[in-house]
Amino acid sequence: MAIYRFRLSFDDYDEVIREIDIKSTQTFEDLHKALHRTTGYNAEKSSSFYVSSDHWIKGDEIAYLPTQKKTDRGVSLMEKSRLSAFIEDPHQKFYYIYNFDRPYEFHVELIKIILQADPNIEYPVLFKSIGEAPKIFDANNIPTEVVTNNPISNDFDFLNEMDFVPEDTEEIEAMDGRGITTSEKSEDADDDDSDSDDFSEDEDYHEDEYDSKEDY
C-alpha cells in the first residue's frame with residue numbers, strides 16, 4: 001500500500017509548513033483532520049479541497065460540511081473521496097480552503113510517494129512541522145491573554161446599571177426642578193461670575209488705548 005507525503009503551506013504565510021504522510025486509500029477528510037491536529041484549529045468547519053493545476057487554478061471540489069446548494073449540485077464529499085482517486089500526477093496539487101466563514105487558504109502538493117507503509121506507524125502522521133500556525137480570533141477560540149488583559153471593572157456604572165435610556169433625560173432634569181440635585185455645582189462658579197463682571201466693567205479698554213487707526 002502506497003503512502004503519500006503531502007506538503008501543506010498557508011497561502012499568506014509561506015513560512016508555515018506541514019508535511020503529512022497518509023495512506024493512498026485514506027480520504028480527504030483524514031487529511032483535513034490530520035492537518036488541523038497540527039494547527040490547533042477546529043476541524044468541524046465547512047472546508048474544501050480543489051483539484052488544482054500547477055498554477056493553483058481550482059478545478060473539481062471535494063467538500064466537508066458543504067452547503068445545501070453544493071450538496072444539490074452533487075459535490076464530492078471528503079469522507080467518501082479516497083486520495084488515490086484524485087491523484088493524476090506524481091506532483092499532484094490541491095488548493096485547500098479552511099472555514100469559509102473566516103477562510104484560510106493553503107497550497108497542498110504531493111511531494112513523495114512511498115511504496116510501502118510502515119506497519120509500526122498509524123497513518124496519517126505528521127512528518128515535518130515548520131512555523132506556528134497563525135492565531136484565529138473568534139468567539140470559540142479567544143486567546144487567554146486577550147481575556148486576562150481586559151478584566152471586568154467592578155466600578156458602579158450609573159447609566160448602565162440603572163438601565164438609562166435617552167428618554168430618561170427629561171426625568172433627570174425634572175428632578176433638578178424639584179430641588180433634587182443630580183449633579184455637583186462647581187465651587188468656583190461664583191468666582192468665575194465675578195471675574196466676568198470685572199472684565200465687563202472695563203468696556204472702554206480698547207477705546208482708551210487706541211484712539212485712531214494709526215495706533216494699531
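Here are four short exercises on charged side chains and the sheet in this structure, each with a worked solution.

Before you start: this is a predicted model, where local features need pLDDT of at least 70, side-chain atom pairs count only at pLDDT 80 or more, and totals for chains, interfaces and linings use all residues. Residues are numbered from 1 along each chain as its sequence is written, and side-chain values use heavy atoms, with hydrogens and water left out.

**Exercise 1. Lay out the sheet**

Task: Work out the order of the strands in the open sheet, and find which strands sit at its edges.

Solution:
- Start with the inventory: the protein has seven helices and eight strands. Both are DSSP runs numbered from the N terminus, helices being H or I with at least four residues and strands E with at least two.
- Next, trace the order: β5-β4-β3-β6-β7-β1-β2-β8, an open sheet of eight strands with mixed pairing. Two strands pair if DSSP finds at least two bridges between them.
- Then look for strands that pair on one side only: these edge strands are β5 (76-77) and β8 (125-130).
- Finally, zoom in on β6 and β7, which pair in the antiparallel sense over six bridges. Tyr98 has Tyr104 of β7 as its bridge partner.

**Exercise 2. Tie two strands together**

Task: Find the salt bridge between Lys93 and Glu109, and say which strands hold the two residues.

Solution:
- The closest N and O atoms of Lys93 and Glu109 are 3.6 Å apart, and the pair forms a salt bridge. The cut-off is a side-chain nitrogen of Lys or Arg within 4 Å of a carboxyl oxygen of Asp or Glu.
- Lys93 lies in strand β6 (residues 93-98) and Glu109 in strand β7 (residues 104-114), so the pair ties together parts that are 16 residues apart in sequence.
- Now check exposure: buried means under 20% relative accessible area, exposed over 50%, and partly exposed in between (1.4 Å probe, protein chains only). Lys93, at 12%, counts as buried, while Glu109, at 22%, is partly exposed.

**Exercise 3. Follow a network**

Task: Which residues do salt bridges that share partners join into one network?

Solution:
- Count up: the structure holds nine salt bridges.
- Take Lys33 and Glu29, whose side chains meet in a salt bridge at 3.0 Å, N to O. Both lie in helix α1 (residues 28-39), four residues apart, or about one turn of the helix.
- Lys33 also forms a salt bridge with Glu44, with the closest N and O atoms 3.9 Å apart. That pair links distant parts of the chain, eleven residues apart: Lys33 is in helix α1, and Glu44 is in the loop between α1 and β3 (47-52).
- Add the accessibilities: Glu29 is buried at 16%, Lys33 is partly exposed at 28%, and Glu44 is partly exposed at 43%.
- Put it together: Glu29, Lys33 and Glu44 form one network.

**Exercise 4. An arginine without a salt bridge**

Task: Arg18 has no salt bridge; find the nearest side chain of opposite charge, and then the polar partners of Arg18.

Solution:
- Locate Arg18 in strand β2 (residues 17-23).
- Arg18 is buried, and the nearest side chain of opposite charge, Glu132, is 8.0 Å away. Here Lys and Arg count as positive and Asp and Glu as negative; His and the chain ends are not counted.
- Look for other partners: the side chains of Arg18 and Thr38 are joined by a polar contact of 3.3 Å. A polar atom of the Arg18 side chain also lies 3.0 Å from the backbone oxygen of Gly131. A polar contact is a pair of N or O atoms within 3.5 Å; within protein, one must be able to donate a hydrogen and the other to accept it, and residues adjacent in sequence count only if both atoms are side-chain atoms.
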